Amino acid sequence: MLTIDGITVRLGGRPILERASASIPQGARVGLIGRNGAGKSTLMKAIIGEIEPDDGEIAKPNRARIGYIAQEAPSGQTTPEEAVLAADTERAQLLEEAETCTDPDRLGDVHDRLLAIDAYSAPARAAKILSGLGFDEEMQKRPLDSFSGGWKMRVALGALLFSEPDVLLLDEPSNHLDLEATLWLENFLKAYPATLLVISHERDLLNKVVDHILHLQGGQLSLYSGGYDAFEKQRAERAAQIAAAKASQDAQRARLADYVARNSARASTAKQAQSRAKMLAKMQPIAALMEDPSLTFDFPSPEELRSPMITLDGAAVGYEADKPILRRLGLRIDADDRIALLGRNGNGKTTFARLLASQLQPQEGAMNASGKMKAGYFTQYQVEELPSDSTPLELMTRAMEGKTPAAVRAQLGRFGFSGNRATAQVATLSGGERARLALALITRDAPHLLILDEPTNHLDVDAREALIQALNDYSGAVILISHDRHMVELTADRLVLVDDGTAREYQGSMDDYIDFVLGRNQPKEKKAAPAKTQGNSSKSRAQARFVKSELVRVEKAMAKLQGQISAIDRAMYEPANAAPEWADRTMGDLLENRARIAAELEGVEAEWLKLGEKLEDAEAA
């Protein structure tokens, strides 16, 4: 058992952990969660001994090997395969001894031990782990210095998994992974045979892999049974209890204060009033659960633009002349599309995104885009390259040159930078705050198209949910690259697979794609059926999958139109609470727009009914 007993850790004089305690059973699979900056990484460093607690202690299982990824990525001329194999230090020492040992008895012991630890199958196990993390056979043989920092961190993760420690500690392991490698990692961790403690903001991983949630809040630890959904339900119940208790206490305080005010001056009731005043002074106020400004995302609505916004016709794109990375690109993007790009890192997703953002020009074919279209392109590099000595207000003022201070402040306020947060130096902002600032900067002109390349890396679970909600409320088009499956499933209604040197519409669902990635989509053995019957069955299943994806798209369109009608109704009947895009409109203008949207909704509902009939026919076939 791993026991954390009343530990306190202060950094720079500020308490990060304060008398925190928890007991993690042997073999438990625990997800460590908490808001950005709560102290999750600090706790892990205390567990491995990198940080000495100011008070309390951490008791670890006797002779247990604790595994944690080093901060520095491996480098040099060593290959990924060699780096992973070297992580099993006992195997490496025994193999070296086997080469030099001259004592026959000792040599026999060495070979017996090598057999006992399954040393000779190690290269195959290492290759399997590296393959799961995205390294093909050629990449496994290349020197580490030929890889980027993100790929080197994958090697470090592979080495840690290969070493199979008794207590495996992982700090945001999917941050450097694509969706495909994240799916593999989830599968690997499900079968991990020892104790696991993982810091993660991936809702799917926290539901599918862990059996306990360790919540860090206000320097304290609380252990919950179950995955993230179970924890969230318990947290919601606790929030309701706190709200009810606070309301009850507030009412009691008001009654006591009123009694004291009315009866203190009267001799006959002065003692009772004094007694109640003492009672009131001793009551510890129940703090309400405070709203966190870091959950604020509000994308400005663009002006309406006719579809299609972008069409690709036989386009090719790359970085070197006559060496395109992607060819035969044919795609139409409409003004309200929600598209997720699938495919392993290195297949060209970012190249495709840069083409759509007009940062790259087609080398062949054509890309036609509306002349009025504005695109906002988000990448992790923008987050990392924000000048640390500037403030959000200074950066936005420069970016919105010519705009009024009120307009600048309003754009910052959409993303939670109001008051002192707008004038704080970037160096003092958390990773999540920097990501919000980058999003605020790229959307300052109300773009018609948002292109988001891994927007969630610095966001915790609650902030990711807020971003999902903001994207669903946004009226423009979205191109999304993300390893967060939960985000893809809740925001995208079209999937585009970037693979084999091109990008094409993926007709299946996310579940189909997951099966494809994990290799579970192989047909099971069954009695042979006539070729024609098998073909028709396969065709019907494919048709059903396509219709289901179309239904999802249409249902999201219906929800969006219904939301617009509700917003117009609010503007007509509650002008003070009108959304910005409908505020200050005349009644005639509101009625005209409502009629137009209602007519569009009627057409979409008719399409939904037809698709429902098609789905019934396909499933019956």
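A nonpolar core is a set of buried Ala, Val, Leu, Ile, Met, Phe, Trp, Tyr and Cys residues joined through side-chain atoms within 4.5 Å. With that in hand, here are some close-ups of this predicted model.

**View 1. The largest nonpolar core is centred on a few well-connected residues, among them Phe297 and Leu439.** This core has 49 residues, and Phe297, Phe299, Leu437 and Leu439 have the most contacts inside it. Helix 16 (residues 431-442) supplies its largest share, seven residues. Follow Phe297 outward, leaving aside residues up to four places away in sequence, and you will meet Arg414, Phe415, Arg436, Leu439, Leu459, Ala463, Ala466, Leu467 and Ala470. Another core, of 43 residues, lies apart from this one and includes Ala122, Ile129, Leu130 and Phe231. In soluble globular proteins, nonpolar side chains tend to be buried together.

**View 2. Helix 17 (residues 461-473) and its N-terminal cap.** Helix 17 has 13 residues and reaches 19 Å from its first C-alpha to its last, close to the 18 Å expected at 1.5 Å a residue. At its N-terminal end, Asp460 acts as the cap, with a side-chain oxygen 3.3 Å from the backbone nitrogen of Asp462. Buried residues in helix 17 include Val461, Asp462, Ala463, Arg464 and Ala466, and Leu467, Ile468, Ala470 and Leu471 are buried as well.

**View 3. Asp484, a buried acidic residue with polar partners.** Look for Asp484 in the loop between strand 16 (477-481) and helix 18 (485-491). Asp484 counts as buried because its relative accessibility is 2%, and buried means under 20%. Its side chain makes a polar contact of 2.9 Å with the side chain of Arg464, a residue that is itself buried in helix 17. A polar atom of the Asp484 side chain also lies 3.1 Å from the backbone nitrogen of His486. Setting aside neighbours within four places in sequence, Asp484 is in contact with Glu202, Thr456 and Arg464.

**View 4. Val9 in strand 1 (residues 2-11).** Val9 has a relative accessibility of 1%, so this valine counts as buried. Beyond the residues up to four places away in sequence, Val9 touches Arg14, Pro15, Ile16, Leu17, Thr42, Ile51, Pro53 and Asp54. For a sense of distance, the C-alpha atoms of Val9 and Ala122 are separated by 40 Å, with the two residues 113 apart along the chain. Ala122 is one of the residues of the 43-residue core.

**View 5. Backbone details: a cis peptide bond and two glutamates with positive phi.** Ser307 and Pro308 are joined by a cis peptide bond, with omega about -5°. Pro308 sits in the loop between helix 11 (270-282) and strand 10 (310-317). Glu164, although not a glycine, has a positive phi of about 45°; its loop runs between helix 7 (149-163) and strand 6 (167-171). Glu454, also not a glycine, has a positive phi of about 50° and lies in the loop between strand 15 (449-453) and helix 17. Glu164 counts as partly exposed at 42% relative accessibility, whereas Glu454 counts as buried at 12%.

Note on methods. Residues are numbered from 1 along each chain as its sequence is written. This is a predicted model: local features need pLDDT of at least 70, side-chain atom pairs count only at pLDDT 80 or more; totals for chains, interfaces and linings use all residues. Side-chain values use heavy atoms; hydrogens and water are left out. Buried means under 20% relative accessible area, exposed over 50%, partly exposed in between (1.4 Å probe, protein chains only). Helices (H or I, at least four residues) and strands (E, at least two) are DSSP runs, numbered from the N terminus. Contact means heavy atoms within 4.5 Å. A polar contact is a pair of N or O atoms within 3.5 Å; within protein, one must be able to donate a hydrogen and the other to accept it, and residues adjacent in sequence count only if both atoms are side-chain atoms. The expected span of a helix is 1.5 Å times one less than its number of residues.
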